[in-house]
Amino acid sequence: MSVLFRHLPSMDRLLRHLEADPELAGRPRAMLRDLADGFLGLLREEIRSGALTAEDELALERMLPRLTAFVRLKSRPHFRRVLNATGVVIHTNLGRSCLAEAATEAVIDACRNYSNLEFDLATGKRGSRYAHVEEILCRITGAEAALVVNNNASAVLITLDTLAKDREVIVSRGQLVEIGGSFRIPDVMRKSGATLVEVGATNRTHLRDYENAVTENTGMLLKVHCSNFRIIGFTKEVPLAELVTLGRSRGIPVVEDLGSGNFFDFARIPGLALSEPTVPQTVASGADVVTFSGDKVLGGPQAGIIVGRKKWIDKIKKNPLNRALRIDKMTLAALEATFRLYLDMDRAREEIPTLSMITASADELRAKARSLAARLRRELAGRASVSTRPGASRVGGGSFPEYDLPTTLVAVDPAAPVSVEALRAALLAVDPPLVGRVEEGSLLLDPRTLRRDEFPLAASALIQGLDSAGPATERH
Ligand SMILES: *Cc1c(COP(=O)(O)O)cnc(C)c1O
C-alpha cells in the first residue's frame, strides 16, 4: 500500500496539467491548487480503502479522464437544477413549486431592469411595493385587504405578534402542528409573545371548549391546518363558521393558518377526491385574517400571504416586523404573474405546473410513463430492464396529507453487477442529478413530476449513473 502512495502523481504535475486545460483558463491558481489537492485526497482514500490496487492505474495519463471529471464536478455551482422523479409535486427539499412560464419571465424582467417597485407612476412619487399585488389578491380571495411577507411562517409570526402579543391565543390541541424545518405552532406563539391556551383533546375539540377558555385577556381564536398529518377515527373539529360566530359575539379576532391555501377546486376534477375549503371560501366564512404559503398548492414563489379585514391588515402592515419580513422584487413579480393566471381557472390549471401536475389524468400519466419507458429501453440498451406499473404519487408540502394520487411508474432494474442502491446513489452525482425512489428492489420514476422535455435528460442521467455505478475496475 505504501508503495502505491509513492506512485501518486505529484502536485506540480497535476497543477501543470490543470493550468493547460482551456476550460480552466483564467481560474485563480489557488483554486486549481485546491482542485488538485482534492483529487489527490480522493486517490489516497481509494488506496486506503483498497479500491485502487495497481501501480499503473496511478499513471497520470490513465488518471486524466478522471481528473477532468473530478474538476468538472467540483467547479459546478453548488445550487443546481435537479430532475424530480419522486412524484412528490410540492417537494420542499427540491424547491417546492416550479413557476409558470409567465411568472418566470416576470422574474427575469424584474431582476434585469429597473422597475416601479416603490414608485407610483401616476404621481411620480414614492409608491408602495405591496400595491402591485394587493388589489388582485383582494379580487381573487374576496378579502378587504392583503399583505405579503417572506413565507407563511413569517405570516403567522407577524399576525400573532400584531394581534395577540401579551395576550392569550386559543388553539385546539389537535392543531398544534409541527411543520418540517422546526416550525412549531407553540414555539412561534412563544416567540411572538402570545400565550398559548390549548383546548379540547387530541382527537376532539368542541365549541364549548373554546367558549370556556375565553377570558378578558383572549387576543385571538386560532385555527391551524393539519398540514402533514391526519387524525382519523373518533374526531371532531369546530367549523370555522362557528368559531367566527363566537369571535364576533366576544369581540375576538378569528385567524386561520391555512398552510397550503388553494384557490383551485380540486373536487371538480373527476377521480380526484381532494376536497378542502379554498382561500375564497375561508374568507367568505368570515375569518378575520387568513394566512397561507405562496409556493405550496398556489404554485408561486416562496411567500407568506395574509388576507382579511382591513382593520387588522392595516395593523399588521404597521408592525415594524413587516420591514424585516418584506419580500423582494423577484418574488413580487412572480406572485403578481401567478395571481393573474388565477383570474381564469382553466388557464391556471394549464399553466401553473403545480396545478397541472396534481390534476394530471390517469390516461395522461400512463401515456407519459410508456413513452419514458420506451425511451429508456432504447437508450439503456439492455443495461437495465425497464417496465411500467401502477403506483401512487403525493401532493407533498403539507398539502392533502396521506392522500395517494394514482399514477403509472417506470421501474428501472439495473443488470448485474450494478445494484439498485448503487444506481440510486450514483444518480445524485450526475448532471443534472435525477432523484427517484427505491421501492421493492426497483428504482421507480414517477412521470407526474417529470416534464416530457426532461425525458432526454433523465435518460442521459441514467446512462451516466450506470457508467459510474459500475464496478471499480470499469471506472478507470
Ligand atoms: C407550510 C405551513 C407553514 C409554513 O409555511 P412556509 O411558507 O413554509 O413558511 C405554516 N403553517 C402551516 C399550517 C403550514 O402548512
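A residue counts as buried under 20% relative accessible area, as exposed over 50%, and as partly exposed in between. With that scale in hand, let us walk through this predicted model, beginning with its cysteines.

**Cysteines**

Cys111 has a relative accessible area of 41%, so this residue is partly exposed. Cys98, at 42% relative accessibility, falls in the partly exposed class too. How many disulfides does a search of the whole structure find? The search comes back with 0. For Cys98, the nearest cysteine sulfur belongs to Cys111 and is 17 Å away. Seen from the other side, the nearest cysteine sulfur to Cys111 is that of Cys98, again 17 Å away. A disulfide requires the two sulfur atoms to be within 2.5 Å, and neither Cys98 nor Cys111 is in one.

**The ligand and its shell**

Next comes the ligand, which has 13 residues around it. Ala153, Ser227, Asp257, Ser293 and Lys296 come nearest. Three polar pairs are set out here, with the atom on each side and the distance.

| Residue | Protein atom | Ligand atom | Distance |
|---|---|---|---|
| Asn152 | backbone N or O | oxygen | 3.0 Å |
| Ala153 | polar backbone atom | oxygen | 2.8 Å |
| Asp257 | side-chain N or O | nitrogen | 2.6 Å |

How much of the ligand's accessible area does the protein cover? On its own the ligand has 380 Å² of accessible area, and the protein covers 95% of that. Helix H7 (152-164) and strand S11 (254-259) are the elements that give two or more residues to the shell. Sorted by class, the shell holds 4 nonpolar, 6 polar and 3 charged residues.

**His225**

Asp257 turns up again as a contact of His225. His225 sits in the loop that runs between strand S10 (218-224) and helix H10 (240-250). Is His225 buried or exposed? Its relative accessible area is 13%, so His225 is buried. Leaving aside residues up to four places away in sequence, His225 touches Val177, Asp257, Leu258, Gly259, Glu276 and Gly398.

**Helix H6**

Our last stop is helix H6, made of residues 131-141. Its buried residues are Val133, Glu134, Ile136, Leu137, Cys138, Ile140 and Thr141. What covers them? The cover includes two strands, S5 (145-149) and S13 (304-308), together with helices H11 (279-284), H12 (310-318) and H14 (329-341). After H6 comes Gly142, with a positive phi near 80°.

How values were computed. Residues numbered from 1 in each chain as written. Predicted model: local features only at pLDDT ≥ 70, side-chain atom pairs only at ≥ 80, totals over all residues. Heavy atoms only, no water. Near = heavy atom within 4 Å. Polar contact = N/O pair within 3.5 Å; in protein donor to acceptor, adjacent residues only side chain to side chain. Areas by Shrake-Rupley, 256 points an atom, 1.4 Å probe, with all protein chains shown as cover. Helix = DSSP H or I, 4+ residues; strand = E, 2+ residues; numbered from the N terminus. Nonpolar A, V, L, I, M, F, W, Y, C, P; charged D, E, K, R; others polar. Buried < 20%, exposed > 50% of the residue type's maximum accessible area, 1.4 Å probe, protein only. Contact = heavy atoms within 4.5 Å.
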